[in-house]
Amino acid sequence: MPHQRTTIVSKLQNESTVSRCGFRWQCLIAIVFTLFSAAISAQGNGAKDLLGIPAQRSAKTPASLLMDVVNNNGRWVVVGERGHILYSDNAGRHWTQAEVPVSVTLTAVFFADAEKGWAVGHDAVVLHTCDGGRTWQKQVDGTQINPLMLARLHQLMDIKSRALKTAQKNLDPAQQQALATELEDLDFFLSDVAMAVQEGPTRPLMDLWFKNAREGIVIGAYGMILGTTDAGATWEPLLDRIDNPQGLHYYGITQCGQALFIAGERGLLFRSDDWGRSWQPLKSPFKGSFFGITASADSRCLIAFGLGGAVFYSYNQGARWSISDVNSQASVSSGTVLADGSVCLASVDGVLMRSIDRGRTFYRLSARLPGAIALDGTGFSGLVVVGLKGVTVVKVED
Amino acid sequence: MKPPLIVSILFRQRLLWLGLFILLTLFFSYHALHIKPEASFLRMIPSDHPYIQNYLAHQQDLKALGNVVRICVATTDGDIFTAAYLETLKQMTEAVFFISGVDRSALKSLWTPQTRWTEVSEEGFNGGPVIPETYNGSAAALEQVRHNIFKSGEVGILVANDFKSSMIAAPLHDIDPETGAPLDYQRFSEKLEQIRRRFQTNTIQIHITGFAKVVGDLMAGAAQVWLFFAIAFGILIAVLLYHSRCVRSTFIRALTSMVAVIWQLGILKLGGFGLNPYSMLVPFLMFALGVSHGIQMFNTMAHEMISGADKFKAAQQAFQNNWVPGLAALITDCIGFATLLIIRIGVIQDIAVAASIGVAVVAFTDLMFLPLLLSYSGISPRTIKIIKTRAASPVQQPWAFLSRFTRRRWAAGAIIAAALSTAGGIYLRQDIKTGDLSPGAPELRPQSRYNQDNAYINAHYSASSDIFIVMVKTPPAGNSAYPVVVATDQLKWRLLQLKGVQNVITHVDYLKQLNSAYMEGNLKWLAVPRSQTALNNMVLKIPPDVVNPNGALTPMIIFLDDHKAQTLQCVVDAVEAFAAQNNTDTHQFLLAAGNAGIEAATNIEVKKALSTLILLVYSVLGCVCLFAFKSIRATLCVVMPLMLTSVLCEALMAQADIGIKVATLPVIAMGVGIGVDYGIYILYKLLYNKSQGYPLTAAFYRTLITTGRAVVFTGLTLAISVATWIYSPIKFQADMGFLLTFMFLWNMVGAMVLTPALARFIYTQK
């Protein structure tokens with residue numbers, strides 16, 4: 001069964017039978033429909049936008065849907081549904097809810113140092129904190145990111161079109177052919193992003209990584225990837241730095257030694273050796289989707305995981321991958337490498353797994369937390385796991 | 001002295017009247033036999049309340065949620081993963097399938113094809129029936145079933161959390177689609193009991209819940225009312241016999257009171273009314289009322305016969321003496337009952353109508369028919385002798401004792417005691433609650449079979465039985481509009497903050513899950529997609545029992561810990577506040593459906609009605625007293641003891657955990673309305689005796705030995721007739737019986753003790 005997507009017109013690109021003309025029509029219909037429903041919703045004068053509603057404080061937040069957790073030198077910070085961000089300085093015994101200006105679902109959080117951190121989420125929202133997670137400000141969201149992406153694609157189209165003209169002049173058929181294909185890809189991508197611009201901030205950011213308190217990268221659905229060098233004041237799409245013409249989803253980004261890695265939909269794997277300025281595709285061991293990627297602190301072990309219990313490890317910076325023995329059919333949603341070097345994974349059916357042989361084989365922990373989405377080490381032989389039922393601390397037994 | 005016109009009309013044509021009464025009785029008996037107990041859900045709720053109006057307007061759209069019977073099949077032998085258990089379940093599913101009234105296409109158990117497991121993989125959705133076609137009862141097949149159940153998401157819903165039971169969920173047709181006949185709840189419930197009897201064994205336990213079962217049990221409980229009636233009848237005859245020692249007049253009085261009940265039922269049937277479990281109380285009251293008026297009639301007649309009158313003259317005189325005060329008392333009762341009409345809840349209005357008809361009927365049967373019959377039968381000479389000796393004895397002990405309450409010291413003591421009780425009552429009544437307080441079906445007793453079944457299911461499954469539904473109203477297909485989706489989700493979160501809210505299920509939850517499912521089950525996609533195109537597509541994939549296919553009315557299902565008034569009010573307040581901020585021209589959040597939602601509306605209406613009702617009842621009684629005595633002082637003497645009773649009744653309700661509800665509201669009007677008779681009779685006679693020149697204590701003593709005796713018997717007969725209800729299997733009937741018994745007895749004490757005590761201080765100017 002093909003992916004049942006509705007808005008991702010770029011997927012149609014794979015099916016060569018779809019004509020350009022048909023595609024344009026679909027775009028047009030989609031846009032007209034969206035404008036129509038926007039008009040309907042505009043009639044309701046009470047139309048609320050989650051990007052404009054501050055997150056509500058509630059005692060129930062620690063037990064609500066949470067999607068990421070990070071142990072930032074003893075302060076645990078979790079993010080999740082309805083703009084919830086919580087932090088705890090006493091190993092999860094007590095949680096304080098942060099001030100957050102939006103109510104959208106947040107998917108990932110990252111700290112560059114003790115004070116400065118970023119969180120990303122649905123509607124492509126990027127939040128920033130300068131006080132270790134107590135208060136957050138919105139830096140950007142999909143309403144700005146989509147036009148940025150579109151402008152960048154137009155720019156690239158121009159460049160490639162000019163290059164094509166040059167190639168035509170130079171009578172270089174090989175280059176001409178290559179450029180024509182690239183242009184066609186770009187055109188698809190551009191139409192897709194153009195539709196997103198019409199529809200509003202529909203697309204989520206899924207993960208982020210910061211080199212320091214100024215330079216970082218956010219990644220997300222439909223090939224969304226942007227970088228900043230000024231602590232998030234401005235964002236630049238990195239579309240020309242990475243070869244993802246189909247606009248597949250990026251799900252995870254991690255640093256391993258001096259290299260960066262991105263994992264995503266349909267086995268996407270990229271490596272960057274220049275902190276994200278350029279990305280090289282890796283030979284992927286997997287046709288299904290990776291939901292994330294993690295690396296050990298000593299940079300010797302890289303673990304990518306995802307759909308249907310797929311877990312792969314690489315000891316050579318992604319050059320070669322081997323399949324891990326996990327004995328599970330459930331998708332693995334999150335992984336982390338603990339201080340002792342053991343690898344821990346959480347799968348959606350709630351099984352927690354641990355490997356003490358650097359990812360080759362995993363055994364199951366006794367705790368079971370259905371709907372686990374993310375986990376991190378507690379710093380003292382334990383895991384802090386978040387998911388559908390909120391946050392839970394689990395002891396890792398040897 | 002020439003008898004008044006009405007007396008001569010009645011007694012000159014005795015045979016003609018008698019024949020007419022007998023013919024009417026036969027006519028009404030025929031119709032009374034056809035009266036049916038009914039339990040109409042709609043009549044038990046305040047159908048004019050805006051919440052109920054909302055519910056009724058959208059009842060069709062909420063059907064899938066509504067009328068479902070859940071049959072829980074539990075095994076005490078291991079778990080459900082045995083071939084024997086699944087075989088029993090299969091047979092039961094088939095048996096339920098064939099009960100008429102079951103919506104067969106929507107019947108659900110582990111064996112029905114729509115019970116499926118699904119799994120998301122990189123190929124998309126996989127799925128199949130939980131019990132596969134290849135199932136053969138082998139260990140491997142059972143293991144497969146266990147595996148599928150885990151993947152089906154039915155644990156806690158169709159399968160118990162402890163795997164010791166599973167459900168057969170049978171949605172019902174309210175109207176049979178083939179015959180167009182409404183569902184016969186009593187027959188349906190009986191069919192379920194047959195299944196229970198057939199399949200229940202030492203190892204298989206069956207628990208059944210659902211509205212249809214509640215109604216069925218209510219009807220079955222109501223059928224036992226005849227037993228209570230028989231018991232009350234027996235006790236009252238014993239009391240009459242003891243009081244009069246005259247078999248023939250006792251028989252005649254019981255007969256005329258029975259005739260009153262027959263007339264009343266016949267008239268109700270002819271008027272298109274049935275007898276609901278609430279108005280069933282009324283025939284009891286009418287019977288007792290008839291008996292008590294019969295006592296008055298008998299007393300007067302006996303005294304006339306002692307004075308030497310023949311039976312015809314005595315009966316005529318009894319009628320002549322009694323028809324005015326009797327009619328006045330009945331009219332007072334009637335007005336008391338009629339105040340109930342202001343409460344816009346069907347069953348309470350039914351009580352008002354039934355009681356008013358009943359009172360009118362008693363005026364005919366016990367004021368007219370009875371003296372006519374007595375004029376033929378007379379009273380046995382032995383009885384006359386007994387009464388004669390009784391009247392001749394100089395001081396009759398209980399009455400002499402009671403008459404002391406007209407002395408200054410005793411009166412002061414009584415009044416201080418009453419004031420203290422009032423203060424205590426006011427203090428204790430602070431805890432009074434609104435609505436039903438016990439878990440499960442509040443109509444039935446906590447230890448009833450139904451509530452035990454319900455408790456079992458509550459303990460072993462995840463979904464609560466107290467469901468409050470908020471209706472999200474939009475234009476057709478508007479429930480997927482992004483602003484509606486966002487607002488619904490926000491309301492959900494607000495509700496989850498409330499104490500007593502266990503869980504809230506909305507269509508938005510499904511949209512989030514679908515969003516994630518479409519993205520290969522990646523949980524980070526578990527959010528509302530902002531794309532309207534995506535929302536419009538996804539909403540079509542939501543199961544039809546969660547959203548209405550036309551997308552114009554979408555239920556938000558709120559599961560509550562209980563249905564206490566406070567819990568319900570919290571939800572109502574939160575939703576109202578949210579609706580005020582978020583309702584627009586295109587989408588509205590409407591209250592309320594679900595058992596808890598309807599109860600919330602009922603509570604609001606009942607609470608509002610209570611103060612109005614008390615105010616109205618007392619104003620009406622005040623007016624009647626003022627009219628009867630033309631004196632404010634007399635009015636105070638009569639009404640103040642009643643107020644004490646009202647306060648104490650509420651204190652009792654608070655302490656006995658009986659809430660203010662549909663069943664207890666009429667008690668307040670009836671208790672006060674009937675109670676006022678006593679005071680009026682006593683004070684009337686007291687003032688009369690006083691005007692004859694007796695000092696207060698002597699005047700009261702004379703009142704006591706005549707009217708007082710009758711009042712005590714009236715109070716007792718009324719109390720006995722309702723007291724049998726305390727043993728009713730229907731909880732609210734028991735509550736009504738308990739409170740009315742208290743009120744009738746206490747009103748009697750008030751009239752016998754407090755009225756004269758107050759009179760001592762109010763009439764002091766001499």
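## Buried charges, paired rings and a nonpolar patch

B:Lys512 has a relative accessibility of just 6%, so this lysine counts as buried. Keep in mind that we are looking at a predicted model. What does B:Lys512 form a salt bridge with? The partner is B:Asp489, and the closest N and O atoms are 3.1 Å apart. The two residues sit in distant parts of the chain, 23 residues apart: B:Lys512 belongs to helix α18 (residues 507-518) of chain B and B:Asp489 to helix α17 (residues 482-496) of chain B. B:Asp489 is buried as well, because its relative accessible area is 10%, and the cut-off for buried is under 20%.

### Salt bridges around B:Lys213

Over all chains, the salt bridges number 33. B:Lys213 takes part in one with B:Glu193, at 2.9 Å from N to O. Here B:Lys213 comes from helix α7 (residues 211-223) of chain B and B:Glu193 from helix α6 (residues 185-199) of chain B, so this pair ties together parts that are 20 residues apart in sequence. Both B:Lys213 and B:Glu193 are buried.

B:Lys213 also forms a salt bridge with B:Asp217. This one stays inside helix α7 of chain B: the two residues are 4 apart, which means about one helical turn between them. B:Asp217 is buried, too. Zoom out a little and you find a network of salt bridges linking B:Glu193, B:Arg196, B:Lys213, B:Asp217, B:Arg449 and B:Asp453.

Here are the salt bridges discussed so far, side by side.

| Lysine | Acidic partner | Closest N and O atoms |
|---|---|---|
| B:Lys512 | B:Asp489 | 3.1 Å |
| B:Lys213 | B:Glu193 | 2.9 Å |
| B:Lys213 | B:Asp217 | 2.8 Å |

### Rings

Now to the aromatics, where the count comes to 37 pairs over all chains. One of them is A:Tyr251 with A:Phe291, an edge-to-face pair with 5.8 Å between centres and 80° between planes. A:Tyr251 is in strand β13 (residues 250-256) of chain A and A:Phe291 in strand β17 (residues 290-295) of chain A, so the contact ties together parts 40 residues apart in sequence. Are these rings buried or exposed? A:Tyr251 is buried at 4% relative accessibility, and A:Phe291 is buried with a relative accessible area of 6%.

In chain B, the rings of B:Tyr278 and B:Phe732 have centres 4.0 Å apart and planes at 5°, so they are stacked. B:Tyr278 lies in the loop between α9 (247-270) and α10 (281-306) of chain B, while B:Phe732 lies in helix α25 (residues 731-762) of chain B, so this pair ties together parts that are 454 residues apart in sequence. B:Tyr278 is buried at 6% and B:Phe732 at 3%. Chain B also has an aromatic cluster made of B:Phe21, B:Phe27, B:Phe28, B:Trp263, B:Phe364 and B:Phe369.

Charges meet rings as well. The charged end of A:Arg203 sits over the ring of A:Tyr222, 4.2 Å from its centre, and B:Arg14 lies over the face of B:Tyr376, at 4.2 Å from the ring centre.

### Chain A overall, and a patch on chain B

Chain A has 3 helices and 27 strands, and 57% of its 398 residues are buried.

On the surface of chain B, B:Leu626, B:Ile632, B:Leu636, B:Met640 and B:Met643 make up a nonpolar patch with about 450 Å² of accessible area together. Helix α22 (residues 632-655) of chain B contributes the largest share, 4 residues. B:Ile632 lies in that helix and is exposed, with a relative accessible area of 61%.

How values were computed. Residues are numbered from 1 along each chain as its sequence is written. Chains are lettered from A and ligands numbered from 1 in the order in which they are written. This is a predicted model: local features need pLDDT of at least 70, side-chain atom pairs count only at pLDDT 80 or more; totals for chains, interfaces and linings use all residues. Side-chain values use heavy atoms; hydrogens and water are left out. Patches are made of residues with over 30% relative accessible area and no salt bridge: like charges are joined within 9 Å, nonpolar side chains (Val, Leu, Ile, Met, Phe, Trp, Tyr) within 5 Å. Accessible areas come from the Shrake-Rupley method with a 1.4 Å probe; for residues, only the protein chains shown count as cover. A salt bridge is a side-chain nitrogen of Lys or Arg within 4 Å of a carboxyl oxygen of Asp or Glu. Buried means under 20% relative accessible area, exposed over 50%, partly exposed in between (1.4 Å probe, protein chains only). Rings of Phe, Tyr and Trp (its six-membered ring) pair if their centres lie within 6.5 Å; planes under 30 degrees apart count as stacked, over 60 as edge-to-face and the rest as tilted. A charge sits over a ring if NZ of Lys or CZ of Arg is within 6 Å of the ring centre and within 35 degrees of the ring normal.
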